[in-house]
Amino acid sequence: SSGMAEAAGTVITGLLAGGHEAYFVGGCLRDELLGRPVHDMDLTTSALPEEVMALFPRCVPTGLAHGTVTVLQNGYSFEVTTYRTESGYADHRRPEHVFFVSDVKEDLRRRDFTINAMCSGLNGALIDPFGGERDLQLRRIRCVGLAEERFGEDALRMLRCVRFASVLDFAIAKNTWRGLMRQRDKLAHIAVERVRAEVECIVEGPHPQRGLALLLRSGLLPRGKAPFPWTGSDLAAAAARTAGLGNLQDARLRWALLLHALGSSAAAADELLRAWTFPGATRSSVVAVLRVREAWDAALSSVAPDAPGATEGLRRRWIAAVLAHGQSAAEGWLTLLAAAEDAAAGPVPAPDLAQGSAGAATAPPALSPAAGQQPVSATVQARLLRSWTAAMPLRSLAELAVTGHELAELLQKRPGPWLGVLLNKLLLAAAAGVIANDKQLLLQEAQRMDRDEE
Ligand code: ATP
Ligand code: MG
């Protein structure tokens, strides 16, 4: 935003007034030149960290050893880093030595790609010693210096390379790709959360298919080894089944689709997402979507298609799944069903569907395939399930017309686990439209259920 640019300009002006050099650098210039939104602005300066701190009392010594001070200005924060070079990358990630230098071009030389190795001052003139602007025009990712060496120093750069190629939809320069292929095994040195953060950018970005194809071709992910237990052919098959990935708005659904395409069970996905260090909230909502899938698959395979009442049985099981895993997980799964269909070879003609609730006039199609029959298309399933969901008169215990307290009072029992079981039975019956969501009727039904129990 221009507020951010103005605030960063104030910081640069302050550094200049202190007798130092200072520039906008790296990602913010790249994104600005591409017309993409700029999410943060990094500054590079000849001032030493203590000089920066002396000029700006409102600052945080973020990484003094590496020359980085975070300066707070007008409610924005900026990483201000002293010109530096690096050497000795024993662990293929962090430099052992950092040297502060006086020439900004030396600082630009340590940066990963030409498009990230430009800086500009307040007047807007670009300092671009490695042809970054030209590479932006040619839409390509190219290492500053010798790719093999740069990737050997810091193996994370290989994944950043694939990430930028994917997010920006850029090509990768030949020599850069060759260097990456020579160093790819070194990615094993990188901590899983760093790998995850880059793969997240790829999967959640605008061209996930491109990034996945590049990951596959590069062999960067340690194939067959935890926490990436898939072989190249698993990944290739999954890539073919995830054509709709980029159209999904919700990042969590993208992960659910990917794990679905990789054939992960909900339990396996849960473990994987944990091993990849995903935040718990992301993990549980991805897993809930896969649990809905499992519940629906189990329902489909448990019901004989021609049995009387088969469709009504499926409808109740679907509603039970919506209640158990939540409306948003259920809707997520329906979105994936439709996306899976987009990816399939050709559309299947959709027969007319009965509308939602029990006792509808026209019979819906048999959903589980009889022997030798084609399974009902995903689109048809999704439409039917959506209509069943839409017709649910309520979706949660909070909407049920009786409370646990009222039930315990009516049945003269102490609250206990039985109460939750009973409430959920009533909820299922009401949500399926088997009984109206009415206090008197529900209490009667509860009494009946309680008698049947005994
Ligand atoms: P974005 O913030 O959109 O992810 P970015 O390029 O700004 O992209 P940052 O991690 O914010 O990425 O890094 C800022 C700058 O620091 C980069 O533009 C690049 O010049 C340099 N840089 C970052 N990581 C590395 C690295 N691993 N090796 C060399 N230079 C790097
Ligand atoms: Mg950045």
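**Domains, ligand shell and core**

The protein chain is divided into domain 1 (1-132), domain 2 (139-222), domain 3 (251-346 + 376-392) and domain 4 (397-453), with bounds from an automatic or database domain assignment. This is a predicted model, where local features need pLDDT of at least 70, side-chain atom pairs count only at pLDDT 80 or more, and totals for chains, interfaces and linings use all residues. Residues are numbered from 1 along each chain as its sequence is written, while chains are lettered from A and ligands numbered from 1 in the order in which they are written.

Biologist: Happy to start with the ligand: where does ligand 1 lie?

Modeller: Its shell (residues with a C-beta atom, placed from the backbone, within 6 Å of it) includes G26, D42, R111 and R157. Both domain 1 (1-132) and domain 2 (139-222) give residues to this shell, so ligand 1 lies between them.

Biologist: How many residues of the shell around ligand 1 are charged?

Modeller: Here Asp, Glu, Lys and Arg count as charged, Ala, Val, Leu, Ile, Met, Phe, Trp, Tyr, Cys and Pro as nonpolar, and the others, Gly among them, as polar. The shell has two nonpolar and three polar residues, and its charged residues number five.

Biologist: Lovely! How many residues of domain 4 are in contact with domain 3?

Modeller: Contact means C-beta atoms, placed from the backbone, within 7 Å. The centres of the two domains, taken over C-alpha atoms, are 28 Å apart. Five residues of domain 3 take part, and in domain 4 the number is four.

Biologist: And which class has four residues on the side of domain 3 that touches domain 4?

Modeller: That side has no polar and one charged residues. The class with four is nonpolar.

Key:
Contact = placed C-beta atoms within 7 Å.
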